[in-house]
Amino acid sequence: MKIIVVGGGKIGETLVEQLAREGHDLVLIDNQQRVIDETENRLDVMGVYGNGASHQVQMEAGVPRADLLIAATSSDELNILCCLVAKKLGARHTIARVRNPEYSDQLVFLRDELGLSMSINPEAAAAGELFRMLRFPSALKIETFSRGRVEMAEVRLREGGSLDGLYLHEFSRKFQVKVLVCIVQRGEEVFIPTGDFRMAAGDKISIAAGPSEIEQFFRAAGLMKEQAHSVMIVGGGRIAHYLGRKLLGIGVSVKIIDSNPQRCRQLCEQMPRAMIICGDGTKQELLFEEGLERVDAFVSLTGLDEQNAILSMFAASRGVSKVITKVSRTSLLSLVESAGLESVISPKEITANQIIRYVRAMQNSLGSNVETLYKLVGGRVEALEFRVSPEFSHIGVPLRDLTLKPNLLLACITRDGKAIIPGGNDSIVANDRVIIVTTNQQLRDLSDILL
């Protein structure tokens with residue numbers, strides 16, 4: 001596909017890297033020559049210098065022949081204008097990054113009336129992931145498939161816990177719950193495990209099942225933590241705004257600390273039921289005074305990754321049950337996790353993954369299409385949801401008779417609104433949704449899972 005990316009900032013850079021790996025014909029437009037030169041030297045992409053909303057610049061970049069234009073500059077208005085110009089020039093699809101909360105209620109209008117194929121708000125997307133993590137704090141991360149009917153939860157195994165030393169084939173007998181372990185991360189190694197895989201303390205495992213089954217499993221395995229009822233947030237930016245509104249909506253007590261008086265006034269107006277503290281959230285005295293040791297969860301959302309990491313480590317050392325850290329630079333993710341901070345979010349990664357998911361869905365014009373895609377374990381594993389077409393050549397064939405590619409697992413089937421953890425006697429039928437977990441990148445169609 002021919003894809004134009006406007007804006008080579010954090011999100012644009014991540015998008016270009018991921019799309020280049022997938023073999024797309026890419027053009028980056030940016031108004032800084034340095035960004036263009038660095039990208040062209042590092043990746044197999046073409047760069048065009050100039051204003052991405054300019055008719056002339058878009059013509060030079062080949063927008064009239066583009067399958068997709070993604071506007072990811074720092075300006076919402078410029079992104080919308082870029083997409084409008086691109087549609088007029090003949091681009092088939094356009095995606096705009098729109099961050100301002102004032103526009104969030106107008107996204108349907110922007111898509112329908114202005115011809116946007118998709119609009120994405122990085123801060124709102126990050127808040128959505130944080131919200132899921134706080135609603136189910138037993139898991140380090142939760143991804144959802146099939147409109148919420150299937151979840152994939154990540155958890156770390158503790159020494160001496162009920163899962164330490166357990167073989168995967170013993171799961172159903174021991175816990176009487178049908179779940180599937182899809183991914184095991186052990187140190188730097190990543191496994192798509194089989195039934196004879198033996199788990200060990202320190203492993204990070206990803207479990208797939210319906211939401212109720214995952215909750216039953218966590219209770220049976222002694223891993224269950226109750227939903228957070230009080231949350232302290234340091235950093236009052238847009239993510240805090242979106243997250244605070246979501247938490248207040250389900251009755252959670254929210255306290256936000258920020259040092260900017262104007263921002264604090266805005267938060268007070270936007271969320272009158274939240275407690276807004278104007279002060280330096282890096283000061284221990286203030287954190288203790290505001291009840292750090294009594295909250296169920298702590299979320300560090302300042303603009304500095306290092307500050308977020310230090311604050312989170314301090315909160316964890318004071319016994320806070322659930323601690324979540326925002327990290328913008330992907331180069332720091334492994335360092336932060338090695339410091340013991342396991343619940344980490346990266347807004348630019350979340351945004352890039354959502355756009356990549358849309359691109360994959362555009363690509364798959366065959367009968368079995370990618371409905372959902374998640375990149376997991378730092379992009380080393382993909383979880384893809386396919387819709388099964390009546391033309392799929394192996395409909396009705398028992399799974400035990402299918403020869404799947406190595407390092408690939410059929411994790412779940414959704415049929416008639418119900419999640420099925422498949423066994424060898426199960427088969428795929430038309431209109432099923434099938435979740436595949438694999439270390440093989442670039443699966444285009446469901447038939448690609450077969451040898």
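Q: How much space lies in the second largest pocket, and how is a pocket recognised?
A: On a 1 Å grid over the protein atoms alone, a pocket is an open set of points where a 1.4 Å probe fits, with protein on both sides within 12 Å along at least five of seven lines. A volume is the space filled by probe spheres set on the points, which are joined across faces, edges and corners, and here the second largest pocket holds about 920 Å³. This is a predicted model, in which local features need pLDDT of at least 70, side-chain atom pairs count only at pLDDT 80 or more, and totals for chains, interfaces and linings use all residues. Residues are numbered from 1 along each chain as its sequence is written, and side-chain values use heavy atoms, leaving out hydrogens and water.

Q: Which residues that line the second largest pocket are closest to its centre?
A: Lining residues have an atom within 4 Å of a point; of the 48 here, Lys10, Arg99, Glu123, Lys326 and Ser328 are the closest to the centre.

Q: How many disulfides does a search of the whole structure find?
A: A disulfide is a pair of cysteine sulfur atoms within 2.5 Å, and the search finds 0. For Cys82, the nearest cysteine sulfur is that of Cys83, 6.7 Å away. Cys412 has its closest cysteine sulfur in Cys182, at 8.4 Å, which is too far for a bond.

Q: Is Cys82 buried or exposed?
A: Buried means under 20% relative accessible area, exposed over 50%, and partly exposed in between, using a 1.4 Å probe and protein chains only. Cys82 is buried, because its relative accessible area is 0%, and Cys412 also counts as buried at 0%.
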